[in-house]
Amino acid sequence: MKNTLLMTLAMASSLAFTDVANAAENNPFGLVYKGAVVENVNGKVNIHPVTYTLNGLKIAANVYTPAGYEAEKKYPAVVVAHPNGGVKEQVAGLYAQRLAEKGYITITADASYQGASEGTPRNVDKPFYRTEDIHGMADYISAYPGVDADRIGALGICGGGGYTLNAAKSDKRFRAVATLSMFNSGLVRRNGYMDTQLDSIQTRLKEASDARIKELAGEISYSGNVDLDALTDESISKIPTDLYREGMVYYGKTHRHPNSTFRYTTSSLMDLMRWDATDNIDLINVPLLLMAGEKADSLYMSQEAFEKATGTTDKELFLIPGATHIQTYFVPEYVDQAVGKLTEFYGKHLK
């Protein structure tokens with residue numbers, strides 16, 4: 001069964017792999033998704049690499065502007081948060097570009113301590129910073145020429161989805177909030193994926209606490225280390241869950257980017273394991289759209305968030321037929337369905 005699923009993913013991604021393999025080197029903007037912008041042309045969607053300062057760190061971001069963009073006009077905008085371990089040049093960039101094609105000014109940024117953004121030690125993954133990253137993107141894009149600050153939406157993908165929910169609890173600049181394949185980082189780091197590590201919570205908290213002590217002496221330890229160069233079809237096929245198995249193919253092979261890594265500082269678990277994206281989710285009182293693959297083994301997280309989001313009377317759980325978690329990142333038919341739903345959602349609420 002695992003081999004069959006791996007073969008299915010490989011076939012689905014074969015065309016994408018042809019186009020995006022080594023794309024980070026070939027694309028002048030480092031983008032690795034199919035159909036990415038390769039040059040800025042008048043009358044088409046353009047990309048603008050920018051930097052700004054957030055909490056003393058220089059943040060690297062990309063702003064996408066719609067075809068025919070004029071700074072004197074007013075456009076709705078969408079902030080796009082990338083997955084755990086991902087960077088702005090992957091799926092977040094794809095959705096930012098597709099929404100720009102629909103007339104939105106969009107921004108996606110590398111998280112603090114990750115990607116091309118500043119921060120040491122590298123690959124810190126704490127809810128506070130990831131949530132601040134989303135507030136920071138809203139800060140920057142609200143002042144961008146042509147943006148109507150009263151029409152800003154948010155889109156979070158995978159781990160960025162959980163952090164987007166957290167940001168939207170208090171950031172009322174977001175008039176409409178959407179997630180794709182939402183991943184509740186706190187829940188998973190605490191209980192394990194699909195609750196498979198409930199018996200080791202205290203052990204892992206002790207390891208995180210010990211790692212923090214070592215950091216004080218300059219010794220940084222990491223969790224989630226994966227040698228992407230050592231990945232083989234056989235080793236990937238033995239991974240029991242769709243998300244992690246297909247994620248290895250996406251991040252390690254078909255859409256690989258040098259700034260993207262699975263690892264995070266072990267001490268981050270002290271913050272992650274006591275946090276949950278659904279805590280106080282009832283504070284979200286604006287339209288909410290949770291999108292997920294119908295066959296995603298991560299679907300339970302979007303379902304839980306949907307049930308707990310009682311603060312809004314306008315919410316929807318939209319299932320993409322036939323899709324798994326990772327397939328919503330790049331498979332054309334699933335991306336098209338997600339973009340279509342987002343266009344409808346933001347078109348209604350960011351008028």
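**Rings, charges and helix α12**

Guide: In this predicted model, Lys315 lies over the face of Phe306, at 4.5 Å from the ring centre.

Visitor: What makes Lys315 count as lying over the face of Phe306?

Guide: The cut-off for a charge over a ring is within 6 Å of the ring centre. Lys315 is at 4.5 Å from that of Phe306. The charged end of Arg263 also sits over a ring, that of Tyr222, 3.7 Å from its centre.

Visitor: How many aromatic pairs does a search of the whole structure find?

Guide: The search finds 15.

Visitor: Why is the pair of Tyr250 and Tyr251 called edge-to-face?

Guide: Their ring centres are 4.9 Å apart, and pairing needs centres within 6.5 Å. Their planes meet at 80°, and edge-to-face means over 60 degrees, so the pair is edge-to-face. Ring pairs link both tyrosines with Phe262, Tyr329 and Phe330 into a cluster.

Visitor: Are Tyr250 and Tyr251 buried or exposed?

Guide: Buried means under 20% relative accessible area. Tyr250 has 1%, so Tyr250 counts as buried. Tyr251 has 7%, so Tyr251 counts as buried too.

Visitor: How do you know that the span of helix α12 agrees with its 18 residues?

Guide: At 1.5 Å a residue, residues 332–349 should span 26 Å. The end C-alpha atoms are 25 Å apart, which agrees.

Visitor: What puts the buried residues of α12 on the same side?

Guide: The buried residues include Tyr334, Ala338, Leu342 and Phe345. The buried set covers an arc of only 165° around the axis, so these residues share one side of α12. They pack against β3, α3, β5, β6, β9 and β10. On the other side, Glu344 and Lys348 are exposed.

Definitions and conventions: Residues numbered from 1 in each chain as written. Predicted model: local features only at pLDDT ≥ 70, side-chain atom pairs only at ≥ 80, totals over all residues. Heavy atoms only, no water. Helix = DSSP H or I, 4+ residues; strand = E, 2+ residues; numbered from the N terminus. Expected span 1.5 Å × (residues − 1). Buried < 20%, exposed > 50% of the residue type's maximum accessible area, 1.4 Å probe, protein only. Arc of directions from axis to C-beta. Contact = heavy atoms within 4.5 Å. Phe/Tyr/Trp six-rings, centres within 6.5 Å; stacked < 30°, edge-to-face > 60°. Lys NZ or Arg CZ within 6 Å of the ring centre and 35° of its normal.
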